[in-house]
Amino acid sequence: MNENLFASFITPTMMGLPIVVLIIMLPSMLMTSSKRLVSNRFHSFQQWLVKLIIKQMMLIHSPKGRTWSLMLVSLIMFIGSTNLLGLLPHTFTPTTQLSTNLGMAIPLWAGAVILGFRHKLKASLAHFLPQGTPISLIPMLIIIETISLFIQPMALAVRLTANITAGHLLIHLIGGATLVLTSISPPTATITFIILALLTILEFAVALIQAYVFTLLVSLYLHDNT
């Protein structure tokens, strides 16, 4: 096979122009609002899902933190739908791009941190220096806590990128092996096809779990600062 292993991660273009913006907008086009008196099954499921997410995410938050509920619901639905659409053949997954994930992680993390310094200055500064710290360790602990604070958005983005990319690569490799083995050893090809089917089911679960984990960590950062 001469196909580039990372070809599916290259940003698609049309007439020399990147169309990643249209791909990112596609999930939001699927989540339409219903103007009917009686909603259909899709909109009923969508409303149930939104209520479930709000109940799970906003339970630990103060009234100030609950003002972010629309943002968090939009975030988890965007990441989840984008990850699922990326599992379809001949599609592009924006969440495999570290730049895209950093573009989501940094503003949300920065907003939560700025909110904490604005409304809970003493509590936010107290995180840099735990109570009872020996005087000799104060400079080192402040440096370590500052680095850990600034690493948070990078960890968010890298975790999502690595998990989605690894799953796509495994599917690509096992799918290519199954195609090659079809003409060489049909029984072996059958086994690899079963593994491929199970891995695809696992990737559907990973796509949703990673969307939940990303949003949950943003929610926890918000909870620490409100």
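## Helix packing and annotated spans

T215 is in contact (heavy atoms within 4.5 Å) with M57, L72, L75 and I76, leaving aside residues up to four places away in sequence. T215 belongs to helix 7, and counts as buried (under 20% relative accessible area, 1.4 Å probe, protein chains only) because its relative accessibility is 0%.

The model is predicted, with local features needing pLDDT of at least 70 and side-chain atom pairs counting only at pLDDT 80 or more, while totals for chains, interfaces and linings use all residues. Residues are numbered from 1 along each chain as its sequence is written, and side-chain values use heavy atoms, with hydrogens and water left out.

Helix 6 (residues 138-184) packs on helix 7 (residues 186-224) at an angle of about 170°, and the axes are 9 Å apart. Helix 6 is therefore roughly antiparallel to helix 7 (angles over 145 degrees). The contact between helix 6 and helix 7 comprises 21 nonpolar, eleven polar and two charged residues.

Helix 4 (residues 98-119) has 22 residues and spans 31 Å from first to last C-alpha, close to the 32 Å expected at 1.5 Å a residue. Its buried residues include N101, W109 and G116. Among the elements covering the buried residues of helix 4 are helix 3 (69-85), helix 5 (121-126), helix 6 and helix 7.

An unreviewed UniProt entry lists "transmembrane region" for residues 6-26, 67-86, 98-117, 137-158, 164-181 and 193-222; such annotations may be inferred rather than shown by experiment. Two of these spans are tabulated below.

| Span | Helix | Strand | End C-alpha separation |
|---|---|---|---|
| residues 67-86 | 85% | 0% | 30 Å |
| residues 164-181 | 100% | 0% | 26 Å |

How values were computed:
Axes are lines fitted to C-alpha atoms, for helices over the stretch in contact, and angles run from 0 to 180 degrees between N-to-C directions. Helices (H or I, at least four residues) and strands (E, at least two) are DSSP runs, numbered from the N terminus. Angles under 35 degrees count as roughly parallel, over 145 as roughly antiparallel, 65 to 115 as roughly perpendicular and the rest as oblique. Ala, Val, Leu, Ile, Met, Phe, Trp, Tyr, Cys and Pro count as nonpolar, Asp, Glu, Lys and Arg as charged, and the others, Gly among them, as polar. The expected span of a helix is 1.5 Å times one less than its number of residues. Buried means under 20% relative accessible area, exposed over 50%, partly exposed in between (1.4 Å probe, protein chains only).
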